[in-house]
Amino acid sequence: MSLVSRDPVLLTPGPLTTSLQTKSAMLRDWGSWDAAFNAVTAKIRQQLLDIVHGHGSHVCVPMQGSGTFSVEAAMNTLVPRDGHVLVLINGAYGKRMAKLVSMMGRKVSTFETPEHVPTTPADVDRLLSADPGITHVGLIHCETSTGILNPLEEISQVVKKHGKSLVIDAMSSFGALEIDARKVEFDAVIAASGKCIEGPPGMGFVIARKSVLEQCEGNSLSLSLDLYDQWTYMEKTTQWRFTPPTHIVLAFHEALNQSIAEGGQKARLSRYTKNYEALMAGMRELGLKQFLDPRIQAPIIVTIHAPESAHYSFKDFYNRVRDKGFILYPGKLTQAETFRVGCIGAIGVAEIRQAVNAMRDALVEMGIYEAVAA
Ligand SMILES: *Cc1c(COP(=O)(O)O)cnc(C)c1O
């Protein structure tokens, strides 16, 4: 272990590096019944609706837990018990969505493409024509397993044409990539505090179509993950139904304010894009290649092929880079040896360049970089 006493820079897709203001917002205790705390909850719900231009059509329901809890709450509440969900899969989060839908007792069909192949609108058109019994389509916007971007707007048009309901796991894209309720017809968008809004992890939220959620009483097979109850209780009392993660709520609010001050979604996308470009320039210098075709790569998290060397092991590489102050993310692919680098969080090009230098030094120490460069 190194003697580095500062926090490492997290190059991971949540938890990620948060700003000092965001961390500082967690230093106070708040009563969950207190009007001041409930006003913060109300403000967050408005700010999240602003991001998707969903006022009027949609409502925002926050939920305790990591992002998966909100995906499960959305599916378990919005899909009627006799519903049938088509889940579009090209990575681990798509598989997870299909699994939780089936565990919640709903009928599920899956369509899986390889991890480097986006689902196309034509695929969805064909699948919905072939099985008119499908009621909902589940889509992962940016599949964090690789960083692949699925074509949300085009797929939403096909789902709309067939008169079906679209549920979007936008966990790793929300707040950075555009999701506009005026352009994309969806019944739910799901995300969480600890991703592109750059808050700490610990709560998620579902932005649900109001007219749909109103019809969902009694659908849930779970008490704590009943999105309808969470919503109606919050509307009635302004409070969370069960103990809220008070410190996380405050820090998330602070992070939302900073995201607005930075210039909102477009400014965030622009910073992440610069991070991504700086990272790729560095990887090219090191002779390391990206797994995805750049045309389908979101500037959120990048999958990099590991160096082809007998000296390489991810664990050794990870430990060496960590001792220099940077936390990498393991690859999640079944076939190829890869690692992942996040471009998101309260970091800029300076931190990315430092991280590239740390990776270079680690590869030199491991006796790999010279071999790659030669
Ligand atoms: C992070 C993430 C989730 C939620 O994962 P948790 O570990 O429950 O926070 C779901 N979907 C995607 C695409 C994600 O990136």
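**Exercise 1. Find the side-chain partner of the ligand nitrogen in this predicted model, then the partners of ligand oxygen atoms**.

Solution.
- Step 1: Start at Asp169. An N or O atom of the Asp169 side chain is 2.6 Å from a nitrogen atom of the ligand.
- Step 2: Turn to Thr144. Its side chain places an N or O atom 2.5 Å from a ligand oxygen.
- Step 3: Go on to Lys195. Here a polar side-chain atom lies 2.8 Å from an oxygen atom of the ligand.
- Step 4: Apply the cut-off. A polar contact needs N or O atoms within 3.5 Å, so the pair at Asp169 qualifies. The pair at Thr144 does too.
- Step 5: Add the cover. The ligand alone exposes 380 Å², and the protein buries 85% of that.

**Exercise 2. List the residues around the ligand and sort them by class**.

Solution.
- Step 1: Collect the shell. Ser66, Gly67, Thr68, Tyr93, Arg96, Ile140, Cys142, Thr144, Asp169, Met171, Ser172 and Lys195 surround the ligand.
- Step 2: Sort them. The shell has four nonpolar, five polar and three charged residues.

**Exercise 3. Where does the ligand sit, and which elements give two or more residues to its shell?**

Solution.
- Step 1: Place the ligand. It sits in the largest pocket.
- Step 2: Map the shell onto elements. Helix H3 (67-78) and helix H4 (92-103) each give two or more residues.

**Exercise 4. Describe the largest pocket by space, lining and class**.

Solution.
- Step 1: Take the volume. The largest pocket holds about 380 Å³ of space.
- Step 2: Count the lining. There are 27 residues, and those nearest the centre are Gly67, Thr68, Arg96, Met171 and Lys195.
- Step 3: Cross-check two of these against the ligand. Arg96 and Met171 are also among the residues around the ligand.
- Step 4: Assign elements. H3 and H4 each supply at least two lining residues. H4 gives the most, with four.
- Step 5: Split by class. The lining has 14 nonpolar, nine polar and four charged residues.

**Exercise 5. Which peptide bond is cis, and which residue that is not a glycine has a positive phi?**

Solution.
- Step 1: Recall the background. Most peptide bonds are trans, and most residues other than glycine have a negative phi.
- Step 2: Check omega. The bond joining Gly14 and Pro15 is cis, with omega of about -5 degrees.
- Step 3: Locate Pro15. It lies in the loop between strand S1 (9-10) and helix H1 (20-24).
- Step 4: Check phi. His53 is not a glycine, yet its phi is positive, about 55 degrees.
- Step 5: Locate His53. It falls in the loop between helix H2 (35-52) and strand S2 (58-64).

Key
Residues numbered from 1 in each chain as written. Predicted model: local features only at pLDDT ≥ 70, side-chain atom pairs only at ≥ 80, totals over all residues. Heavy atoms only, no water. Near = heavy atom within 4 Å. Polar contact = N/O pair within 3.5 Å; in protein donor to acceptor, adjacent residues only side chain to side chain. Areas by Shrake-Rupley, 256 points an atom, 1.4 Å probe, with all protein chains shown as cover. 1 Å grid on protein atoms, 1.4 Å probe; cavity = no way out; pocket = protein on both sides within 12 Å on 5 of 7 lines; lining within 4 Å. Sits in = over half its atoms within 2 Å of the grid points. Nonpolar A, V, L, I, M, F, W, Y, C, P; charged D, E, K, R; others polar. Points joined across faces, edges and corners; volume = space filled by probe spheres on them.
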